[in-house]
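The following exercises are to be worked with the sequence and the model at hand. Each task is followed by a solution in steps.

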Amino acid sequence: MYAFDYLRPDRIEDASALLAEHPEASLLAGGQTMLPVLRARLAAPSHVISLGGIAALKGVTLADERLVIGAAQTHAQVASDPQVLALLPSVAALAGGIGDVQVRHRGTIGGSVANNDPAACYPAALLALGARIITTQRVIEADAFFTGMFATALKAGEIITAVSFPRCDRAHYEKFRNPASRFALVGVCVASLPEGSRIAVTGAGFGVFRWHAGEACLDAGGTGNDLADVPLDADCFTGDLHGSADYRMHMTRIIAARAFAALGR
Ligand SMILES: Cc1cc2nc3c(=O)[nH]c(=O)nc-3n(C[C@H](O)[C@H](O)[C@H](O)COP(=O)(O)OP(=O)(O)OC[C@H]3O[C@@H](n4cnc5c(N)ncnc54)[C@H](O)[C@@H]3O)c2cc1C
């Protein structure tokens, strides 16, 4: 680990000011990605600014029929939150299936979304549910937020303060998990929203993406089994030591069918 100065503000405004003052600084949330990166000397920030002392980044509120989850809520807190369990059960279940006990008690929704690991679970739920990412500067629709592998629409100095979801009990995230890390080898979130079906796929390629042809199939009355014949864009899939691109395409259809079946439609 390279040397850095550690800062721990207790207000969002102070964190933003510190970021502006130290352009080579990095934010630290749960540290589940950041600390291994620092340990492996893959980054050399001048300062590490912890978000852990900022109370305003915590909590869950209901506003205008949307559930607003603070960026610093850990996966374990999301999984056990009474409002999330009641109004967004698919997201509670997703959070409860992330990593292991330690990862769930340290890792945060804001850190996961900002990091946008191509095998992370949350991005699929955000995309399928039409979530909004609230930052210190603006509100970004999930469709415009995830821009590629470990890449997002966040600008320098921008901090995620919360993620807002429409309440929805007609969604399900299904994961075919890597047995070692529990990251998604393929993960699919299917949501039935008033405006139509949405299907988002994670773990299969360079980043999360929507399966528009699959959505059209479901909206035309198709079932999970019908998804087996719906085209997938081969350019969205990649292979690695865990599985080839063809394998991931095959698994996407199976996992999507399971996610759809879980909706009980
Ligand atoms: C063993 C293991 C297994 C895992 N399994 C899974 C899994 O099954 N599914 C899954 O989805 N994830 C999994 N993860 C990842 C985990 O979910 C972490 O929560 C995630 O990597 C990052 O969240 P964090 O809060 O720890 O962020 P950090 O590691 O602290 O930060 C990650 C990045 O986000 C930035 N950042 C953090 N917070 C903000 C913010 N509010 N605004 C802007 N930028 C911010 C940081 O600067 C950094 O670049 C696993 C991790 C480990 C170590």
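Two strands are said to pair if DSSP finds at least two bridges between them. Helices (H or I, at least four residues) and strands (E, at least two) are DSSP runs, numbered from the N terminus. The structure is a predicted model, in which local features need pLDDT of at least 70 and side-chain atom pairs count only at pLDDT 80 or more, while totals for chains, interfaces and linings use all residues. Residues are numbered from 1 along each chain as its sequence is written.

**Exercise 1. The chain as a whole**

Task: Describe the overall dimensions and the division of the chain.

Solution.

Step 1. Assign the secondary structure: the chain contains 11 helices and 14 strands.

Step 2. Compare the radius of gyration, taken over C-alpha atoms, with the globule rule of 2.2 Å times the number of residues to the power 0.38. The chain has a radius of gyration of 18 Å, close to the 18 Å given by the rule for 265 residues, so it is as compact as a globular protein of that length. Along the principal axes, its C-alpha atoms fill a box of roughly 55 × 45 × 30 Å.

Step 3. Divide the chain, with bounds that come from an automatic or database domain assignment. This gives domain 1 (5–50), domain 2 (57–166) and domain 3 (171–263). The centres of domain 1 and domain 3, taken over C-alpha atoms, are 34 Å apart.

Step 4. Examine the contacts, where two residues are in contact if their C-beta atoms, placed from the backbone, lie within 7 Å. Of the contacts between residues at least 6 apart in sequence, 61% join residues at least 24 apart.

**Exercise 2. The open sheet**

Task: Establish the strand order of the five-stranded sheet and follow its pairing.

Solution.

Step 1. Read the order: 5 strands form an open sheet, S4-S5-S10-S6-S7, with antiparallel pairing.

Step 2. Identify the edges: strand S4 (60–63) and strand S7 (139–141) each pair on one side only. On average, neighbouring strands of the sheet are turned by 25 degrees against each other, direction ignored; the axes are lines fitted to C-alpha atoms, for helices over the stretch in contact, and angles run from 0 to 180 degrees between N-to-C directions.

Step 3. Follow the pairing of strand S5 (residues 66–70) with strand S10 (residues 160–166): 5 bridges join these antiparallel strands. Arg 66 has Pro 166 as its bridge partner in S10, and Gly 70 has Ala 162.

Step 4. Turn to strand S6 (residues 132–135), which pairs with S10 in the antiparallel sense over 4 bridges. Thr 135 is bridged to Ile 160 of S10.

**Exercise 3. The hairpin of S4 and S5**

Task: Which residue in the turn between S4 and S5 has a positive phi, and is it buried or exposed?

Solution.

Step 1. Confirm the pairing: S4 and S5 are antiparallel, with 4 bridges. Thr 61 has Val 68 as its partner in S5.

Step 2. Locate the turn: the hairpin has 2 residues between its strands, and Asp 64 in the turn has a positive phi of about 50 degrees. Glu 65 also lies in the loop between S4 and S5, and its phi is near 65 degrees, a positive value in a residue other than glycine.

Step 3. Apply the burial criterion: with C-beta atoms placed from the backbone, a residue is buried if 20 or more other C-beta atoms lie within 10 Å of its own, exposed if 12 or fewer, and partly exposed in between. Asp 64 has 7 such atoms within 10 Å and is therefore exposed. Glu 65 counts as exposed because it has 8 C-beta neighbours inside 10 Å.

**Exercise 4. The buried interior**

Task: Determine which elements and residues contribute to the interior.

Solution.

Step 1. Begin with the chain total: buried residues make up 44% of the 265 residues. In S10, 6 of the 7 residues are buried.

Step 2. Examine helix H8: 8 of its 8 residues are buried, so H8 is largely enclosed by the rest of the structure. Among them are Tyr 122, Pro 123 and Leu 129. Gly 130, which follows H8, has a positive phi near 65 degrees.

Step 3. Examine helix H5 (residues 89–96), where Ser 90, Val 91, Ala 92, Leu 94 and Ala 95 are buried. Their cover includes helix H3 (75–80), helix H4 (82–87), helix H8 (122–129), S10 and strand S11 (171–177).

Step 4. Find the largest nonpolar core, a set of buried Ala, Val, Leu, Ile, Met, Phe, Trp, Tyr and Cys residues joined through C-beta atoms within 7 Å. This core has 76 residues, and those with the most contacts inside it include Ala 124, Ala 128 and Val 163. Leaving aside residues up to four places away in sequence, Ala 128 touches Ala 171, Cys 189, Val 190, Ala 191, Arg 198, Ile 199 and Ala 200.

Key:
Core = buried A, V, L, I, M, F, W, Y, C linked by C-beta atoms within 7 Å.
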